[in-house]
Amino acid sequence: MAYNRIADANENTERYMDSILIKERLIDSAVADTSVELFGEKFASPVLMPAFSHLRQYEKRTLNGLEEYSVAAKNMNILNFVGMMENDMFKRILDTGAKTIRIVKPYADNGKVREQMKFAEDNGAFGVGMDIDHIFGMDGLDVVIGEQMAEQTSDMIRSYIESVKIPFVVKGVLSEEEAVKCADLGAKAIIVSHHHGRLPYAVPPMMVLPSIKKALEGRDVKIFVDCGIGSGADVYKCLALGADAAAVGRSMLPALEVEGSLGVEKFVTKVNSELRFIMSCTGFKTVDQIDDTCIVRT
Ligand SMILES: Cc1cc2nc3c(=O)[nH]c(=O)nc-3n(C[C@H](O)[C@H](O)[C@H](O)COP(=O)(O)O)c2cc1C
């Protein structure tokens, strides 16, 4: 019989998500409340925007895709993220009014890293962070759209964290050891992620959530997750496995391209409605009550 090896982490992640099934608990349940508190702020949902970059203006709209989804985040009161960009673009994101965490690249130009983080804090960002999973590339250190990346040491990360007063998020954590290191360095959140499959055979983020949650027990560190999330069922499973919130990703791009911020609002509303439905059907009235008692790993 033919045996097909699956190095593609995106495919393995989808398979893992689909292998998790949900049990019902209906009696004494009620319509659930999906609101969450993150870093002292109340949000309507544990659904997060993805940390995207380089989205163009779709359908000749005046705002580009990054601004469009930020407008949706503001209108829906959900936590927004953005990725690689210059300060003028980040200012335009903040002008949408969305509460936004800026994920800065691990640039070789360390002055640029610090300057972007300071600019973010000075101009009202909700948080800052770094996607450490873009340090390396197949030729050694990564080059992203012509910009050189560099190795990042614990001392460097600690110094970024100490340089800002807003929450610091490390994006691209995929092991228990790294999660604990982030906590020790003072990060306020991690994003468990393989950055849409950069690493061949990367473990599905959802698969390591339970052990990462256990490793961070008693630590004041939020656990976010992304990769392959596009439905309320996906978000529910992530929360059941130990995440505090989960980001949609490329799943929202078709809606964004066709209908801009309105499309994103419709998409996220659908995701959140399905999450609320599943929470109600499994006896969880609030997001913080969700645990793994109603999921079955097949
Ligand atoms: C167009 C695009 C741009 C992205 N830019 C960044 C970035 O600048 N920084 C970052 O941390 N992640 C970036 N990501 C990765 C996403 O934040 C996220 O980790 C990934 O898309 C999740 O996987 P999924 O799309 O399969 O859900 C980007 C992804 C896409 C599709």
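1. A polar contact, as used in this note, is a pair of N or O atoms within 3.5 Å. Please keep in mind while reading that this is a predicted model. With that cut-off in hand, here is a good place to start: an oxygen atom of the ligand lies 2.8 Å from a polar backbone atom of A51.

2. Two side chains join A51 in touching the ligand through polar atoms. In S53, an N or O atom of the side chain is 2.8 Å from a nitrogen atom of the ligand. In K171, a side-chain N or O atom is 2.9 Å from an oxygen atom of the ligand. On its own the ligand has 610 Å² of accessible area, and the protein covers 89% of that.

3. Which residues come closest to the ligand? They are A51, S53, M84, D226 and R250, out of 18 residues that surround the ligand. As for the site itself, the space that the ligand takes up is the largest pocket.

4. Now for the sheet. Eight strands form an open sheet with parallel pairing, and their order is β4-β15-β14-β13-β12-β7-β6-β5. Why is one side of β4 and of β5 left without a neighbour in the sheet? Both β4 (47-48) and β5 (80-82) stand at the edges with a single partner strand each, so one side of each has no neighbouring strand.

5. Looking along that order, you can follow β13 into β14. Strand β13 (residues 189-192) pairs with strand β14 (residues 222-225) in the parallel sense, over four bridges. Within this pair, I190 stands opposite I223 of β14. To get from β13 to β14 the chain passes through helix α7 (residues 205-215), and this β-α-β crossover is right-handed.

6. The next step takes you from β14 to β15. Strand β15 (residues 245-247) runs parallel to β14, and two bridges join them. V225 has A246 in β15 as its bridge partner. Here too there is a helix to trace: β14, helix α8 (residues 232-241) and β15 make a right-handed β-α-β unit.

7. Do have a look at β6 and β7 as well. Strand β6 (residues 100-104) and strand β7 (residues 127-131) run parallel and are joined by four bridges. If you would like a residue pair to find on screen, take R102, whose bridge partner in β7 is V128. When you inspect strands like these, one general point may help: in a regular strand, side chains alternate between the two faces of the sheet.

Terms used
Residues are numbered from 1 along each chain as its sequence is written. This is a predicted model: local features need pLDDT of at least 70, side-chain atom pairs count only at pLDDT 80 or more; totals for chains, interfaces and linings use all residues. Side-chain values use heavy atoms; hydrogens and water are left out. Two strands pair if DSSP finds at least two bridges between them. A crossover is right-handed if, with the strands pointing away from the viewer, the path from the first strand over the helix to the second runs clockwise. A residue is near a molecule or strand if one of its heavy atoms lies within 4 Å of it. A polar contact is a pair of N or O atoms within 3.5 Å; within protein, one must be able to donate a hydrogen and the other to accept it, and residues adjacent in sequence count only if both atoms are side-chain atoms. Accessible areas come from the Shrake-Rupley method with a 1.4 Å probe; for residues, only the protein chains shown count as cover. On a 1 Å grid over the protein atoms alone, a cavity is a set of points where a 1.4 Å probe fits but cannot get out, and a pocket is an open set with protein on both sides within 12 Å along at least five of seven lines; lining residues have an atom within 4 Å of a point. A molecule sits in a cavity or pocket if more than half of its atoms lie within 2 Å of its grid points.
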